[in-house]
Amino acid sequence: MGDRLKGKVTVVTGAGSIGPGIGNGKATSVLYAREGAKVVLVDMNLEAANETKSIIDGEGGECITVEADVTRSSDCKNIIDECLRAYGRIDVLHNNVGIEIPGGVEDMSEEDWDKTMAVNLKSMFLTCKYAVPHMVAQGRGSIINISSINAIRNLPYITIAYSASKAGVIAFTREVAIQYASKGVRANAILPGMMNTPMVVAALTGAFGGNVEQMMKTRDGMCPTGKQGEPWDVASLSVFLASDDAKYITGAALVLDGGLTCIVKPF
Ligand SMILES: NC(=O)c1ccc[n+]([C@@H]2O[C@H](COP(=O)([O-])OP(=O)(O)OC[C@H]3O[C@@H](n4cnc5c(N)ncnc54)[C@H](O)[C@@H]3O)[C@@H](O)[C@H]2O)c1
């Protein structure tokens, strides 16, 4: 147990994992608690959030769960209400929820485009809408938005809505950062590269002919380190951005990819 976030109240959206194992939101929630934060675990799947809660409870950390679909305005308002009711303030808003539906302009349905934009981008607007006034009133707050290197690079499959939404996350984060810089509220985006998480198995196996082992081997091989990143890597950077060590960092889009985007042609 550390104390880098001692006393801070954090909200993590998508705090469960979509499948067995540990994803970015789950690892980040656990690491926030290990660093002394009180964590509000938000997920549309309460069972998934409860799995994360049982890890944190088992380690002596402090957390509550809130069932919410972050594409719904009323649910986002309720997240912040529940956070304030339980802990009286909100120091960190960590927007982790994101979905990936592969496809390009011709084969992707309009419904899948709209759904991706709502889940990946509008959700951040809604959670910020309700959290920011409290951060401004406190005179401090840190917002961490999970983007992706898909925002700045094409990867070996077309995923047009995902990439466009993640590019939107960077611009959204920048605008929030500048608007609230003088009020003590910071906003930063993290751009993870190839991470080995349950989400990748759920979203992308189809693009690799259904062979998970082959997909993981291919993804490992694409990374300069020879290995994909782990959800704990996203969690570690998030702890830093959430902490006061990062007090002069705002409006940043931080790449977390083991050097992958440094390569001209990674595949
Ligand atoms: N794994 C990678 O390689 C990679 C790379 C770049 C970026 N990312 C980003 O990381 C984030 C995903 O992290 P994860 O591993 O925690 O994902 P995950 O798919 O395991 O999802 C975490 C949780 O989000 C919940 N969720 C989904 N839609 C929701 C909604 N509308 N409202 C509330 N909860 C919802 C799910 O129920 C799940 O429990 C995404 O933003 C993704 O784009 C991942």
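Is Gly210 buried or exposed? In this predicted model, Gly210 is exposed, because 9 other C-beta atoms lie within 10 Å of its own, and a residue counts as exposed if that number is 12 or fewer. Gly210 is found in the loop between α6 and α7, the latter spanning residues 212–222. Its separation from Met135 gives a sense of scale, since the two residues are 75 apart in sequence and 45 Å apart in space, from C-alpha to C-alpha.

From that loop one can turn to the chain as a whole, which has eight helices and seven strands. For 267 residues, a compact globule would have a radius of gyration near 18 Å, and the chain, with 17 Å, agrees with this. Taken along the principal axes, the C-alpha atoms fill a box of roughly 50 × 40 × 35 Å. Of the 267 residues, 47% count as buried, and among the contacts between residues at least 6 apart in sequence, 76% join residues that are at least 24 apart.

Val255, in strand β7, offers a counterpart to Gly210. Val255 is buried, because 21 other C-beta atoms lie within 10 Å and the threshold for a buried residue is 20 or more. When its neighbours within four places in sequence are left aside, Val255 is in contact with Ile149, Leu191 and Thr261. Cys83, by comparison, is 172 residues from Val255 in sequence and 30 Å from it in space, C-alpha to C-alpha.

Strand β7 (253–256) also helps to cover helix α8, whose buried residues are covered by elements including β1 (9–13), α1, β4 (92–95), β5 (141–146), β6 (185–192) and β7 itself. Helix α8 comprises the twelve residues 231–242 and reaches 16 Å from its first C-alpha to its last, close to the 16 Å expected at 1.5 Å a residue. The buried residues in α8 are Pro231, Asp233, Val234, Ala235, Ser238, Val239, Leu241 and Ala242.

Helix α2, made up of the 13 residues 46–58, likewise reaches 18 Å from its first C-alpha to its last, close to the 18 Å expected at 1.5 Å a residue. Its buried residues are Ala48, Ala49, Thr52, Lys53 and Ile56. These buried residues lie on the same side of α2, because they cover an arc of only 145 degrees around the axis. The face of α2 turned away from that buried side carries the exposed residues Glu47, Ser54 and Gly58. Among the elements that cover the buried residues of α2 are α1, β2 (38–43) and β3 (62–67). Gly60, which follows α2, has a positive phi, near 80 degrees.

Helix α1 leads on to the ligand. Of the 31 residues around the ligand, Gly14, Gly16, Gly23, Gly25 and Gly98 come nearest. The elements that give two or more residues to this shell are α1 (24–34) and α6 (198–204), and α6 gives the most, with three residues. Sorted by class, the shell around the ligand has 16 nonpolar, 13 polar and two charged residues. The path thus returns to α6, the helix that precedes the loop holding Gly210.

Terms used. Residues are numbered from 1 along each chain as its sequence is written. This is a predicted model: local features need pLDDT of at least 70, side-chain atom pairs count only at pLDDT 80 or more; totals for chains, interfaces and linings use all residues. A residue is near a molecule or strand if its C-beta atom, placed from the backbone, lies within 6 Å of it. Helices (H or I, at least four residues) and strands (E, at least two) are DSSP runs, numbered from the N terminus. Ala, Val, Leu, Ile, Met, Phe, Trp, Tyr, Cys and Pro count as nonpolar, Asp, Glu, Lys and Arg as charged, and the others, Gly among them, as polar. The radius of gyration is taken over C-alpha atoms; the globule rule is 2.2 Å times the number of residues to the power 0.38. Two residues are in contact if their C-beta atoms, placed from the backbone, lie within 7 Å. The expected span of a helix is 1.5 Å times one less than its number of residues. The arc is that of the directions from the helix axis to the C-beta atoms.
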